[in-house]
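Hi,

Here's the structure I said I'd pass on. Have a look at it first, then read my notes underneath.

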Amino acid sequence: LHLIGVLSGQVLEVSLPERIIIALSELVESPGGAIWLCAAEGHCQYERSWNFAEESLDKEDGFEQFSAFLRNRHWIVNLDEYKSDRKAPGAETAPDWLVQSDGLWLAIPLRHEESLLGIVLLARPRVPQQLNWETLDIIKTASRQAASYLALERAAEALADARQFEGFNRLSAFVVHDLKNLIAQLSLVVKNAERHKGNPRFLED
């Protein structure tokens with residue numbers, strides 16, 4: 001219930017990406033982290049960090065290979081395992097700066113149905129935490145819940161854009177209608193000018 005309260009904004013009035021970082025970090029006593037949001041084609045973009053030094057992050061990294069690896073698996077990646085074994089499954093897809101980072105600990109995919117909507121990087125907790133199967137399962141469940149909030153927000157934004165586009169189309173239709181009327185009037189004037197250009201009353205009109 002607390003997780004839902006944080007994600008829905010009832011507990012904290014911050015942006016949804018920040019709320020996702022906070023909600024997931026509280027599960028494992030992580031002090032903070034960062035989030036990348038991913039597009040349908042697989043490219044991810046840095047979105048926000050919370051209680052974590054941004055200068056230690058490579059914000060330009062799009063995680064193309066790493067996101068492709070996470071999209072096909074619902075895995076919580078312990079970056080310490082990649083540090084000790086660069087031949088571990090998926091280790092070759094993780095960027096070097098991420099694996100070599102001393103402050104980052106976990107990489108959590110935000111999967112909604114078959115889509116990867118984002119990747120959360122959590123900072124290392126001050127007190128070492130043991131990741132057993134129960135902890136991993138609750139993180140996976142929470143990340144699914146967080147991803148559903150992301151999907152809902154994207155759907156709402158798409159609907160708002162569609163409504164704005166509909167209003168723009170309606171306005172364009174009125175403008176085009178008026179332009180057609182003006183064109184018809186001017187065409188009539190030009191056509192009549194060929195026959196009445198010598199008539200002073202026509203020229204005055």
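Below is what turned up, starting with the surface and then going to two loops.

Quick background: this is a predicted model, where local features need pLDDT of at least 70 and side-chain atom pairs count only at pLDDT 80 or more, while totals for chains, interfaces and linings use all residues. Residues are numbered from 1 along each chain as its sequence is written, and side-chain values use heavy atoms, with hydrogens and water left out.

On the surface, Glu47, Glu153, Glu157 and Asp161 form a negative patch. (Patch residues have over 30% relative accessible area and no salt bridge, and like charges are joined within 9 Å; a salt bridge is a side-chain nitrogen of Lys or Arg within 4 Å of a carboxyl oxygen of Asp or Glu. Areas come from the Shrake-Rupley method with a 1.4 Å probe.) Helix H6 (residues 133-196) gives the largest share of this patch, three residues. Helices here are DSSP runs of H or I with at least four residues, and strands are runs of E with at least two. Glutamate 157 sits in helix H6.

How exposed is glutamate 157? Its relative accessible area is 46%, so it's partly exposed (buried is under 20%, exposed over 50%, partly exposed in between).

Now the loops. Phenylalanine 63 isn't a glycine, yet it has a positive phi of about 55 degrees. You'll find phenylalanine 63 between strand S2 (44-50) and helix H3 (64-71), and it's buried because its relative accessibility is 1%.

Glutamate 113 also isn't a glycine and has a positive phi of about 55 degrees. Its loop runs between strand S4 (104-112) and strand S5 (115-123), and glutamate 113 is exposed, at 58%.

Cheers

Methods:
Patch = residues over 30% accessible without salt bridge, like charges linked within 9 Å, V, L, I, M, F, W, Y side chains within 5 Å. Lys, Arg positive; Asp, Glu negative; His and termini not counted. Charge placed at Lys NZ, Arg CZ, Asp CG, Glu CD. Buried < 20%, exposed > 50% of the residue type's maximum accessible area, 1.4 Å probe, protein only.
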